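Dear colleague,

Please find below the structure that I am handing over to you, followed by an account of what was found in it. I would be grateful if you could read the two side by side.

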Amino acid sequence: MVYRSSNVENIADAKYGLAEQHKSSAGITTKKYDVLVLDAALRQSLVAIRSLGQRGLKVAALEAETAVPAFSSRWCQQGVICPANAGSEAYLNFLERWLEQNGANVIIASSDSTVALLRQYRERLEKYAQIALARDPAMGLAINKELTLEVAGTLGLGIPRGLAVHSIQDVSAALKEIGLPAVIKPVESWLWSENQEYGARFASRLVTTVDEAKQAVEELTQLGGVTLFQQFLTGRREAISVMYANNEVHASFAQWAKRTEPPLGGTSVLRQSIPLPPDTGTQAERLIREMDLEGYAEIEFRRDRAGIPYLMEINPRLSASVEIAVRSGVDFPKLLYQWASGETIDTVSSYRVGNWMRYLKGDIMTTIEAIQQRGRPGVTPPAQAVLSFAASFLKPMDYDYVDWHDLNPAIKASMEFTSSWVGGAIVKRFSRLKRSFR
Ligand SMILES: Nc1ncnc2c1ncn2[C@@H]1O[C@H](COP(=O)(O)OP(=O)(O)OP(=O)(O)O)[C@@H](O)[C@H]1O
Ligand SMILES: [Mg+2]
């Protein structure tokens, strides 16, 4: 998806809810909020809002769209709609003005686009608030898959067999070396256009033919980035979440994803908390220590058929699946806030294992995709996919968005899903499905 910046000028304060600066009787400027959660439409942002709000912190949330379930959370004291696209310069200007006028101690960001923006303009924004993201050079290593894998390689971690592909001219050589099926992924998920007017997020792709490989490379390099051409691994997906600061690991948590959306990977839609696996648990910690990557990070692995783990990537920001950690007893948003605001960081040494969580919208989408993509490597056969989808309703589990003490976001999310997705995307997907059955 490409987010184009809409050169917004003259942002009207009243329209977008910019509050007046708060001054105490002594004339000292005070901050109105403890934390500003950016990317409010993301699931992990709602988790952060709830977690921090429940702890008595004043939370505001900002998003570049209007349909944001998190704005209706009882823990969100102000929902701010930014009239510019996330990651754009107009977004940056809006954010800066909002911070100037309202004030917040800490900023939490969770999307690749916003992380890229905050990283680029960190110094400018730190005049107003602490940014709950790792600093460079660690951040630069973590958001770049090629560099991350290089560090992992020097530590002796398993990394997928692969090579860098710059353009479709390199595809034949890569095919010879790696074979098919293969996974092609951008070295960095978020890329800017040359003049930085807009950016785009690119996701990993499974390719099974030469044509698919060429097309994937062409599309993934349209903004000039480099891709990695990797062997396709078919085993279990595991993610280790780590909170690390001042040479100390304050918490580690492991989960595995039974189903993801899209089926290759990306967002985990059905997942379970597991004990820290001795291999990936240790490897994740060694990697974080080697890179000195402070704050929260999720380290993703995938195993091969024999069960040997290979590093996929690091997401150095709150990950979409983080709610299962919070519900299992590791409140990462709280630890992240403590770290960014300079408080003493709690250490969490255990959590509940065996908990299941499901992201229903993602599960519906991935079941539809399994039917559409039937026969492709790694895709569950249609009948089995539908059966597993239905069987998951019988298993006790928590659902993303659903919190019985804060129901509005779940209601809003369901309404939004029914109106926009059922009306648009699902119908589109089913009509494609009908076509593909002809
Ligand atoms: N070589 C591979 N073999 C098999 N599966 C893979 C491979 N590379 C990636 N995947 C799957 O796709 C998922 C997404 O890939 P990756 O983490 O590299 O990209 P990403 O787009 O940055 O993901 P995220 O949305 O989690 O940030 C992986 O977690 C994994 O499940
Ligand atoms: Mg990623």
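A residue is called buried when its relative accessible area is under 20%, exposed when that area is over 50%, and partly exposed in between. R376, with a relative accessibility of 24%, therefore counts as partly exposed. Please bear in mind throughout that this is a predicted model.

Salt bridges

R376 is also a suitable place to begin with the charged contacts, since its side chain forms a salt bridge with E212, in which the closest N and O atoms are 3.0 Å apart. R376 belongs to the loop between helix 12 (360-372) and helix 13 (382-391), whereas E212 belongs to helix 8 (residues 210-220), so this pair ties together parts that lie 164 residues apart in sequence. E212 is partly exposed as well, at a relative accessible area of 25%.

In the structure as a whole, a search finds 23 salt bridges. Another of them lies within a single helix: E285 and R289 are both part of helix 9 (residues 278-291), four residues apart, which is about one turn of the helix. Their side chains meet at 3.0 Å, N to O. E285 has a relative accessible area of 28% and is partly exposed; R289, at 35%, is likewise partly exposed.

A further salt bridge joins the side chains of E126 and R135, at 2.8 Å from N to O. E126 has 23% relative accessibility and counts as partly exposed, and R135 falls into that class with 46%. In addition, R236, E238, D279 and R303 are linked in a network of salt bridges.

Aromatic rings and charges over rings

A pair of aromatic rings is described by the distance of the centres and the angle of the planes. The structure holds seven aromatic pairs. One of them is formed by W256 and W356, which are edge-to-face, with 6.1 Å from centre to centre and 65 degrees between the planes. This pair links distant parts of the chain, as W256 is in strand 16 (residues 248-261) and W356 in strand 20 (residues 356-358), 100 residues apart. Both W256 and W356 are buried.

F389 and F393 make up another pair: the ring centres are 5.4 Å apart and the planes stand at 85 degrees, so this pair is edge-to-face. F389 is buried, with a relative accessibility of 17%, while F393 is partly exposed at 45%.

The ring of F393 has a second partner, for the charged end of R358 sits over this ring, 4.1 Å from its centre. A contact of this kind is also found at Y359, where the charged end of R43 sits over the ring at 3.7 Å from the centre.

The magnesium site

Which residues coordinate the magnesium ion (ligand 2)? The donors come from E313, which contributes OE twice, and from N315, which contributes OD1, at 2.3 to 2.5 Å. E313 and N315 are both buried.

Enclosed parts of the chain

Helix 11 (residues 332-341) is largely enclosed by the rest of the structure, because eight of its 10 residues are buried. Among these buried residues are F332, L336, Y337 and W339. After helix 11 comes G342, whose phi is positive, near 85 degrees.

A84 lies in the loop between strand 6 (78-81) and helix 2 (89-102). A84 is buried, with a relative accessibility of 1%. The C-alpha atoms of A84 and A64 are separated by 6.1 Å, although the two residues are 20 residues apart along the chain.

A nonpolar patch

On the surface, W404, L407, I411 and M415 form a nonpolar patch, and together they have about 460 Å² of accessible area. L407 is located in the loop between strand 21 (398-399) and helix 14 (408-437). With a relative accessible area of 33%, L407 is partly exposed. A residue must have over 30% relative accessible area to be part of such a patch.

With kind regards

Terms used
Residues numbered from 1 in each chain as written. Chains lettered and ligands numbered in written order. Predicted model: local features only at pLDDT ≥ 70, side-chain atom pairs only at ≥ 80, totals over all residues. Heavy atoms only, no water. Patch = residues over 30% accessible without salt bridge, like charges linked within 9 Å, V, L, I, M, F, W, Y side chains within 5 Å. Areas by Shrake-Rupley, 256 points an atom, 1.4 Å probe, with all protein chains shown as cover. Salt bridge = Lys/Arg side-chain N within 4 Å of Asp/Glu carboxyl O. Helix = DSSP H or I, 4+ residues; strand = E, 2+ residues; numbered from the N terminus. Buried < 20%, exposed > 50% of the residue type's maximum accessible area, 1.4 Å probe, protein only. Phe/Tyr/Trp six-rings, centres within 6.5 Å; stacked < 30°, edge-to-face > 60°. Lys NZ or Arg CZ within 6 Å of the ring centre and 35° of its normal. Donors = N, O, S within 2.8 Å, 3.2 Å for Na, K, Ca; no water.
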